[in-house]
Amino acid sequence: MVRRLAVAPLLAAWALAATPPALAEPRGSSVEQCGACHGLDGIARDTEVPHLAGQNERYLFNQMMAFRSGKRQHKEMRYMARAMSVQEIAALAAYYAALPPR
């Protein structure tokens, strides 16, 4: 178990590094789906939804992977994350991290 926990960050880093440049951009549909709640500019319109603009890229990636695996509980986010590849999650994390925070 401990060995698996130690390897997980390495696998995530490898997945980020292995993403070809052509896949570095998130699919437009992924951004639009996330933007429905979190805003295309990363600023959520609902006070119950967190802003993503300017967040730490690694944090965003790790949280999405936690939703995807079920370690972090949220019905809608688990559904969204399970439909995305690791490369799409990495690209979305990079996209939102690069946006200016408010």
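In the predicted model examined here, Gly42 is found in the loop between α2 and α3. Gly42 counts as buried, at 0% relative accessibility. Leaving aside neighbours within four places in sequence, the contacts of Gly42 are His51, Leu52, Ala53, Tyr96 and Leu99. Between Gly42 and Gln55, which are 13 residues apart in sequence, the C-alpha to C-alpha separation is 9.2 Å.

The protein as a whole contains 5 helices and 0 strands, and its elements follow the pattern α-α-α-α-α along the sequence. Of its 102 residues, 32% count as buried. The exposed area amounts to about 7,100 Å², of which carbon and sulfur atoms supply 59%. Among contacts between residues at least 6 apart in sequence, 58% join residues at least 24 apart.

Confidence varies along the chain. The average pLDDT of the protein is 83, and 73% of the residues score at least 70. Among the elements, α3 has the highest mean pLDDT, at 98, whereas helix α1 (residues 2–17) has the lowest, at 50. Over residues 17–24 the pLDDT is below 50, and this stretch has 4 contacts in the model beyond near neighbours in sequence. Where pLDDT is low, the predicted coordinates should not be read in detail.

The largest nonpolar core comprises 18 residues, and the members that touch the most others are Met64, Met84, Leu92 and Tyr96. Two or more residues of this core come from each of α2 (28–38), α3 (57–69), α4 (75–82) and α5. The most is given by α5, with 5 residues. Of the core members named above, Met84 touches Cys34, Met64, Arg68, Ile89 and Leu92, when residues up to four places away in sequence are not counted. Tyr96 is also in contact with the loop residue Gly42.

Helix α5 spans residues 86–98 and has 13 residues. From its first C-alpha to its last, α5 reaches 18 Å, close to the 18 Å expected at 1.5 Å a residue. The buried residues of α5 are Glu88, Ile89, Ala90, Ala91, Leu92, Ala93 and Tyr96. Two of these, Glu88 and Leu92, are touched by Ser30 when residues up to four places away in sequence are not counted. Ser30 is found in helix α2 and is buried, because its relative accessibility is 0%, under the 20% limit. Leu92 is thus a contact of Ser30 and also of Met84.

Further residues were examined in α3 and α4. Tyr59 lies in helix α3 and counts as partly exposed, at 40% relative accessibility. Although Tyr59 and Ala97 are 38 residues apart along the chain, their C-alpha atoms are separated by 9.4 Å. Met77 has its place in helix α4 and counts as buried, at 18% relative accessibility. Apart from neighbours within four places in sequence, Met77 is in contact with His38, Met64 and Phe67. The C-alpha atoms of Met77 and Ala66, 11 residues apart along the chain, are separated by 9.7 Å. Met64 is therefore a contact of Met77 as well as of Met84, and belongs to the largest nonpolar core.

The structure holds 0 disulfides. For Cys34 and Cys37 this follows from distance: the sulfur of Cys34 is 8.8 Å from the closest cysteine sulfur, in Cys37, which is too far for a bond, because a disulfide requires sulfur atoms within 2.5 Å. For the sulfur of Cys37, the closest cysteine sulfur is in turn that of Cys34, at 8.8 Å. The surroundings of these cysteines can be described as well. Cys34 is buried, with a relative accessible area of 12%, whereas Cys37 counts as partly exposed, at 46% relative accessibility. Cys34 is also among the residues touched by Met84.

How values were computed. Residues numbered from 1 in each chain as written. Predicted model: local features only at pLDDT ≥ 70, side-chain atom pairs only at ≥ 80, totals over all residues. Heavy atoms only, no water. Helix = DSSP H or I, 4+ residues; strand = E, 2+ residues; numbered from the N terminus. Expected span 1.5 Å × (residues − 1). Buried < 20%, exposed > 50% of the residue type's maximum accessible area, 1.4 Å probe, protein only. Core = buried A, V, L, I, M, F, W, Y, C linked by side-chain atoms within 4.5 Å. Contact = heavy atoms within 4.5 Å. Areas by Shrake-Rupley, 256 points an atom, 1.4 Å probe, with all protein chains shown as cover. pLDDT = per-residue confidence, 0-100.
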